[in-house]
Amino acid sequence: MSCCKQCGTALKTVEVGLTMKLIDRGAKEYLCLDCLAAFFSCDRELLLKKAEQFRKQGCTLFPSDRTKEN
Ligand SMILES: [Zn+2]
């Protein structure tokens, strides 16, 4: 399991998917939800909604396990 390249938090599948989808498809290092939210100056919730949208579109970066934390 990889860790966030900024803060070292263990990453979830959805965070890896979001990094690849929103920042760099070929990314080898990923950001956690908090660091992604800071990067885009947006809300974590918004990112999770995006992930849900991508998943519904059938994006393979977002396998149909849970995309929400908590
Ligand atoms: Zn982080």
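E52, R55 and K56 are linked in a network of salt bridges. The model described here is a predicted one, and a search of the whole structure finds 3 salt bridges. A zinc ion is also present, coordinated by the SG atoms of C4, C7, C32 and C35.

**The network in helix α3**

- R55 forms a salt bridge with E52, and the closest N and O atoms of this pair are 2.9 Å apart.
- R55 and E52 are 3 residues apart in helix α3, a spacing that separates them by about one helical turn.
- K56 likewise forms a salt bridge with E52, with 4.0 Å between the closest N and O atoms, and a salt bridge is counted when such atoms lie within 4 Å.
- K56 and E52 both lie in helix α3, where they are 4 residues apart, about one turn of the helix.
- The members of this network can also be described by their accessibility: E52 counts as buried at 17% relative accessibility, R55 counts as partly exposed at 24%, and K56 counts as exposed at 67%.
- These labels follow from the cut-offs, because buried means under 20% relative accessible area and exposed means over 50%, with partly exposed in between.

**The salt bridge between two helices**

- D34 forms a salt bridge with R44, and the closest N and O atoms are 2.4 Å apart.
- D34 lies in helix α2 (residues 33-40) whereas R44 lies in helix α3 (residues 44-56), so this pair ties together parts that are 10 residues apart in sequence.
- D34 is partly exposed, with a relative accessible area of 46%, and R44 also counts as partly exposed, at 28% relative accessibility.

**The zinc site**

- The zinc ion is coordinated, at 2.3 Å, by the SG atoms of four residues, namely C4, C7, C32 and C35.
- The arrangement is tetrahedral because the 4 donor atoms around the zinc ion subtend angles of 105 to 117 degrees, and four donors count as tetrahedral if all angles lie between 85 and 135 degrees.
- Along the sequence, the donor residues of the zinc ion follow the spacing C-x2-C-x24-C-x2-C.
- Among these donor residues, C4 and C32 link distant parts of the chain, being 28 residues apart, with C4 in the segment before α1 (13-23) and C32 in the loop between α1 and α2.
- Both C4 and C32 are buried.

Note on methods:
Residues numbered from 1 in each chain as written. Predicted model: local features only at pLDDT ≥ 70, side-chain atom pairs only at ≥ 80, totals over all residues. Heavy atoms only, no water. Salt bridge = Lys/Arg side-chain N within 4 Å of Asp/Glu carboxyl O. Buried < 20%, exposed > 50% of the residue type's maximum accessible area, 1.4 Å probe, protein only. Donors = N, O, S within 2.8 Å, 3.2 Å for Na, K, Ca; no water. Tetrahedral: all angles 85-135°; square planar, octahedral: opposite > 155°, others 65-115°.
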